[in-house]
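Hi,

Here is the structure I promised to pass on. Have a look at it first, and my notes follow below.

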Amino acid sequence: MDTMHAMDTMDVMDVMEVLSVSGAVHVPRSDSFALVSPESGREYRILLACPEEPPPEGGYPVYYFLDGNAVFATAVEAARLLSRRRGEPVVAPAIVVGIGYPTEQVFDPSRFYDFTMPVRPEELSFLPDGRPMPMLGGADAFAMFIKEVLKPAVERRFPIDRSRQTLFGHSLGGLFALRMLFAFPDAFRTYIAGSPSIHWNRRPLRELEKAFAASVRGEPTDVRVLIAAGELEDGHHSGMNGNAREQAGRLAALASYGVRSEYREFAGEDHLSVLPVLISHGLRFASMTS
C-alpha cells in the first residue's frame, strides 16, 4: 500500500469514528414527543416540524405522514424547499407531522397492526412463503388515536387551519389512508394513498367504500384524493397498480358529489423509490386550491 493510499484509508477511518460518536444530525425547527393510544395502549413517536414563517391568519396547513420514521426528514425538507420558490411558492409553509414508532427501524412491524382491518386468514393467500403472519386488525384503534389524541395535541401547540389538513400514507399506509377517507372523510381535506396495499383488505375496504359512496351521494363532501404508484410496480402478483387504478376510477365517478380524485403513475419508480417523488407530488397536490 502506498503512503497516499494509507493516508486516505486512515482519514476515512477517522471520519467513521467521529460519525459514530458525535451524535445525530437534527432536522431544523423540529421536535419529537411520545403519545399513547388509549384504545390499544401502543406508544407512538410523534415527529413534528414547524416553518420559520409566522402562521397565516387562518392558521398553518398540516401534513400528517404515516411511517414517520421513514419519511419525516424527506417530507420536511420537501415542504421547506417547495415553500421557498421565488415569486409564488409551490406550497404554503406548513406543519409537518410524522407518526412513527419508538424505534430506530425504518418500518416498524407494528404498522401491520395499525394500518390493517380485521381479515379472514383465507383472504391472505398471497403470502406463499411460510412467513408467520403479523398481528393485523388495529386500524379502528389507530384511527381513533389520530382523530382524538394526535390531532388535538398538534392543535394545542400551533394555530391550525382545519380546512387544510392532509393524510399521507404509502403501501399499507396507503391502504389505511383510503380506509380513513371512507370511514372519516371529514377528518382531512386531502388524502394521499401511495401504492396502496388494497389486496390486504380488499373486502372490508370495499364495504367501507360502498357506504362512503352512498353517504356522499346523499350529502356531498369536499375532499381531494391522490392515488399513485410506481411504474415498476405494475405486474406485481398483488395487482398493486391495477387495484389503485380501479379505486381511483370509482372515486372519479363521485366527482359531482365533491370527491376530486386523481391517479398518477411515476415512470421508472418501484415500490420504495417512488416515495420521494410521491412526497413532492403529494405536497403540491394538497396545496392546489381547485
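Strand S3, residues 60-66, is mostly covered, with seven of its seven residues buried. Bear in mind that this is a predicted model.

The side chains of S3 split into two sets: Tyr60, Val62, Tyr64 and Leu66 point one way, while Pro61, Tyr63 and Phe65 point the other way. That is the pattern to look for, because side chains in a regular strand alternate between the two faces of the sheet. What I'd point out here is that the residues on both sides of S3 are buried, and buried means under 20% relative accessible area.

So much for the side chains; now the neighbours. S3 pairs with strand S5 (residues 160-170) in the parallel sense, over five bridges. If you want a spot to zoom in on, Val62 stands opposite Gln165 in S5. S3 is also joined to strand S4 (residues 95-100) by five bridges, and that pair runs parallel too. On that side, try Tyr64, whose bridge partner in S4 is Val97.

Stepping back to the whole chain, there are eight helices and eight strands. Of its 290 residues, 48% count as buried. How much of the contact set joins residues at least 24 apart in sequence? Among contacts between residues at least 6 apart, the share is 75%. As for the outside, the accessible surface comes to about 14,400 Å², and carbon and sulfur atoms account for 55% of that.

If you open just one region, I'd go for S3 with S4 and S5, the two strands it pairs with in parallel.

Cheers

Terms used:
Residues are numbered from 1 along each chain as its sequence is written. This is a predicted model: local features need pLDDT of at least 70, side-chain atom pairs count only at pLDDT 80 or more; totals for chains, interfaces and linings use all residues. Side-chain values use heavy atoms; hydrogens and water are left out. Buried means under 20% relative accessible area, exposed over 50%, partly exposed in between (1.4 Å probe, protein chains only). Helices (H or I, at least four residues) and strands (E, at least two) are DSSP runs, numbered from the N terminus. Two strands pair if DSSP finds at least two bridges between them. Contact means heavy atoms within 4.5 Å. Accessible areas come from the Shrake-Rupley method with a 1.4 Å probe; for residues, only the protein chains shown count as cover.
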